[in-house]
Amino acid sequence: MPRRTQQERRDQAAAALLEAAAELVVEEGVRAVTLARVGERAGYSRGLVTHHFGGKQALLEQLARTTQTGFVPGLDTVAPGLDRLLRLIDGYLARLNEPDVLSRAFLVLWAESMTAPELAPIFRERDHAFRADLREEIAAGIADGTIRPDIDPEQTAVAIVGQLRGIALQNLLDPAAVNPAQLCHCTADGWRRMLQS
């Protein structure tokens, strides 16, 4: 087995630290996240957490970004517009069937950002980016004629984010009450009927 490079060891340590932070968030909330506890849980020192992230705020920012990267795989193989928008909606809800600790941590942090001043800017930025992606898909669908021209991309993006985040939070709080597999079909189908030309 070849020896790992220094970069591979750094990447592995960073991933382990983010995973440990996510576990603490899911189990106890953001207030449980300290550099010492993250390092201890990941099997490293607090100093390594500081070396990788600088501080708690930077760690939480990286955690928020990491949890949303590639959340719905395969989108880059679909042309922009209605089909890609619906695949994004469907894929977002499908991920709720197999929630990993990073996804659950994102939702807990997102909910806590309403009352935690250190989190609010991070999640405003993440929601802004999500809405911007959705607006681009809607605008592309209007341009190619698959989405009605009277649809307001900005307000529609707000509504989609609200619906998806709301379903995800309900699933986190009461998984027995939410069936993501069934919701995938009816949610995407509902948006198709509402948006289609």
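This report describes salt bridges, one helix, one buried arginine and two cysteines in a predicted model.

## Salt bridges between helices

The count of salt bridges in the model comes to 13. One of them joins Asp83 and Arg192, whose closest N and O atoms are 3.9 Å apart. The cut-off for a salt bridge is a nitrogen within 4 Å of a carboxyl oxygen, so a pair at 3.9 Å is counted. Asp83 belongs to helix α5 (residues 82-94) and Arg192 to helix α9 (residues 180-195), so this salt bridge ties together parts of the chain that are 109 residues apart in sequence. Arg192 is partly exposed, and its relative accessible area is 29%.

A salt bridge also forms between the side chains of Glu154 and Arg135, with an N to O distance of 3.1 Å. Here the linked parts are helix α8 (residues 153-173), which holds Glu154, and helix α7 (residues 120-144), which holds Arg135; the two residues are 19 apart in the sequence. Glu154 is partly exposed at 32% relative accessibility. Arg135 also counts as partly exposed, at 21%. Buried means under 20%, so Arg135 at 21% does not count as buried.

## A salt bridge within α9 and a network

Asp189 and Arg193 meet through their side chains in a salt bridge of 2.3 Å, N to O. Both residues lie in helix α9, and because they are 4 residues apart, about one helical turn separates them. Asp189 is partly exposed, with a relative accessible area of 28%, whereas Arg193 is exposed at 58%.

Some salt bridges share partners. In this way Glu23, Glu27 and Arg41 are joined into one network.

## Helix α5 and its buried residues

Helix α5 has 13 residues, and at 1.5 Å a residue it should span 18 Å. The C-alpha atoms at its ends are 18 Å apart, which agrees with the expected span.

Which residues of α5 are buried? They are Leu82, Arg84, Leu85, Leu86, Leu88, Ile89, Gly91, Tyr92 and Leu93. What do these buried residues pack against? Their partners are α6 (101-112), α7, α8 and α9. Helix α5 is therefore linked to α9 in two ways: by the packing of its buried residues and by the salt bridge between Asp83 and Arg192.

## A buried arginine in α8

Arg165 is located in helix α8, the helix that also contains Glu154. Is Arg165 buried or exposed? Its relative accessibility is 1%, so Arg165 counts as buried under the 20% cut-off. The side chain of Arg165 makes a polar contact of 2.7 Å with the side chain of Asp127.

## Cysteines without a disulfide

How many disulfides does the structure hold? The number is 0. Cys184 takes part in no disulfide, and the nearest cysteine sulfur, which belongs to Cys186, is 8.7 Å away. For Cys186, the closest cysteine sulfur is in turn that of Cys184, and the 8.7 Å between them is too far for a bond. A disulfide needs two cysteine sulfur atoms within 2.5 Å, so this pair does not qualify.

The two cysteines can also be described by their accessibility. Cys184 is buried, at 7% relative accessibility, whereas Cys186 is partly exposed, with a relative accessible area of 44%.

Methods
Residues numbered from 1 in each chain as written. Predicted model: local features only at pLDDT ≥ 70, side-chain atom pairs only at ≥ 80, totals over all residues. Heavy atoms only, no water. Buried < 20%, exposed > 50% of the residue type's maximum accessible area, 1.4 Å probe, protein only. Expected span 1.5 Å × (residues − 1). Contact = heavy atoms within 4.5 Å. Polar contact = N/O pair within 3.5 Å; in protein donor to acceptor, adjacent residues only side chain to side chain.
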